[in-house]
Amino acid sequence: MAMARTDFVKRAELTRDALAFARERHDGQVAHPVEVGCLLHEAGYADEVVAAGVLHDVLEDTDAEQRELEAQFGADVAELVAAVSDDPAIEDHAERKAALRRQVARAGECAAAVFAADKVSKARELRVRASRGRFERRDESKMAHYEASLDMLSDLIPGRPLVDQLRMELDALHALPPGGV
């Protein structure tokens, strides 16, 4: 990630603290959280939303708990992160993702923006892998989730740049030649 692109973190105290927390909890792997934060920043969202974007995976992928996020980053950030986090009690992948989309839709625009930025980043990652001929069977369920997410986001926050970016990423994925996808 270019330094100029992440320069905003120096001016955004909450996002800077969120990045340090995410780096620690994700064992230094922060490319995806940084990209999500950059997308939100570039779309003009406030520091709290950008920080939530940086932290969006910590409840799912680490031992972090919502009350810990609330104590360190405030209730708004913690609630946004919780709103975009899967329910691990739902075992079936498709059901879990459908429940997540409903949860995000109920949580409002800021949660939808964090969710959209995450899906843009993940769709880009999938497009790069697919363009290298590394599309796998499990990627089909991801595509279905991204498509359903786009439908939900188009209804919830129509015309927003992140929704348009997700649409472009999915169109690019579909445009890959056979064997790519």
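Does Cys110 belong among the buried, the partly exposed or the exposed residues, or, put simply, which of these words fits Cys110? In this predicted model, Cys110 counts as partly exposed, with a relative accessibility of 33%. Cys38, by contrast, counts as buried, at 0% relative accessibility. A search of the whole structure finds zero disulfides, and for Cys38 the reason lies in distance, because the closest cysteine sulfur, in Cys110, is 18 Å from its own sulfur, which is too far for a bond. A disulfide would need the two sulfur atoms to be within 2.5 Å.

With that question settled, we can turn to the overall fold. The protein contains 12 helices and zero strands, so that a reader who follows the elements from the N terminus meets α-α-α-α-α-α-α-α-α-α-α-α. The C-alpha trace spans about 50 × 40 × 35 Å along its principal axes. A compact globule of 181 residues would have a radius of gyration near 16 Å, and the protein, with 16 Å, agrees with this. Contacts also tell us how the chain is arranged: among those with a separation of 6 or more, 67% are between residues 24 or more positions apart. Of the 181 residues, 47% count as buried, while the protein exposes about 9,100 Å², of which carbon and sulfur atoms supply 48%.

The next step is to look inside. In soluble globular proteins, nonpolar side chains tend to be buried together. Here the largest nonpolar core has 54 residues, and those with the most contacts inside it are Leu40, Leu55 and Leu153. Helix 10 gives the most to this core, contributing 11 residues. Leu40 offers a good place to examine the surroundings of one such residue: leaving aside neighbours within four places in sequence, Leu40 is in contact with Tyr45, Val49, Val50, Gly53, Ala113, Val114, Ala117 and Leu162. Several of these names return in helix 5, where Val49, Val50, Ala51, Ala52, Gly53, Val54 and Leu55 are buried. Because seven of the nine residues of helix 5 (residues 47–55) are buried, this helix is largely enclosed by the rest of the structure.

From nonpolar side chains we move to charged ones. Side chains of opposite charge can pair when their charged atoms come close. The structure holds 16 salt bridges, and three of them show how such pairs can be placed. In one of them, Asp63 pairs with Arg25, and the closest N and O atoms are 2.9 Å apart. This pair links distant parts of the chain, since Asp63 is in the loop between helix 6 (58–61) and helix 7 (66–73), whereas Arg25 is in helix 3 (residues 13–25), 38 residues apart. Asp63 is exposed, having a relative accessible area of 59%.

A second pair stays within one helix. Glu125 and Lys122 meet through their side chains in a salt bridge of 3.9 Å, N to O, and both residues lie in helix 10 (residues 109–131), three residues apart, about one turn of the helix. An α-helix has 3.6 residues a turn, so residues three or four places apart point the same way. Glu125 is partly exposed, at a relative accessible area of 37%, and Lys122 is also partly exposed, at 25%.

A third pair joins two helices. Glu169 forms a salt bridge with Arg127, in which the closest N and O atoms are 2.7 Å apart. Glu169 lies in helix 12 (residues 161–175) and Arg127 in helix 10, so the pair ties together parts that are 42 residues apart in sequence. Glu169 is buried, with a relative accessible area of 10%, whereas Arg127 counts as partly exposed, at 26% relative accessibility.

Salt bridges can also be followed from one residue to another, as in the network that links Lys122, Glu125, Arg129, Asp139 and Lys142. Within this network, Arg129 has its place in helix 10 and is buried, with a relative accessible area of 14%. Not counting residues up to four places away in sequence, Arg129 touches Arg134, Phe135, Asp139 and Lys142. Helix 10 therefore appears on both sides of this account, as the helix that gives the most to the largest nonpolar core and as the place of Arg127, which pairs with Glu169 of helix 12.

Technical notes. Residues numbered from 1 in each chain as written. Predicted model: local features only at pLDDT ≥ 70, side-chain atom pairs only at ≥ 80, totals over all residues. Heavy atoms only, no water. Salt bridge = Lys/Arg side-chain N within 4 Å of Asp/Glu carboxyl O. Helix = DSSP H or I, 4+ residues; strand = E, 2+ residues; numbered from the N terminus. Buried < 20%, exposed > 50% of the residue type's maximum accessible area, 1.4 Å probe, protein only. Core = buried A, V, L, I, M, F, W, Y, C linked by side-chain atoms within 4.5 Å. Contact = heavy atoms within 4.5 Å. Rg over C-alpha atoms; globule rule 2.2 N^0.38 Å. Areas by Shrake-Rupley, 256 points an atom, 1.4 Å probe, with all protein chains shown as cover.
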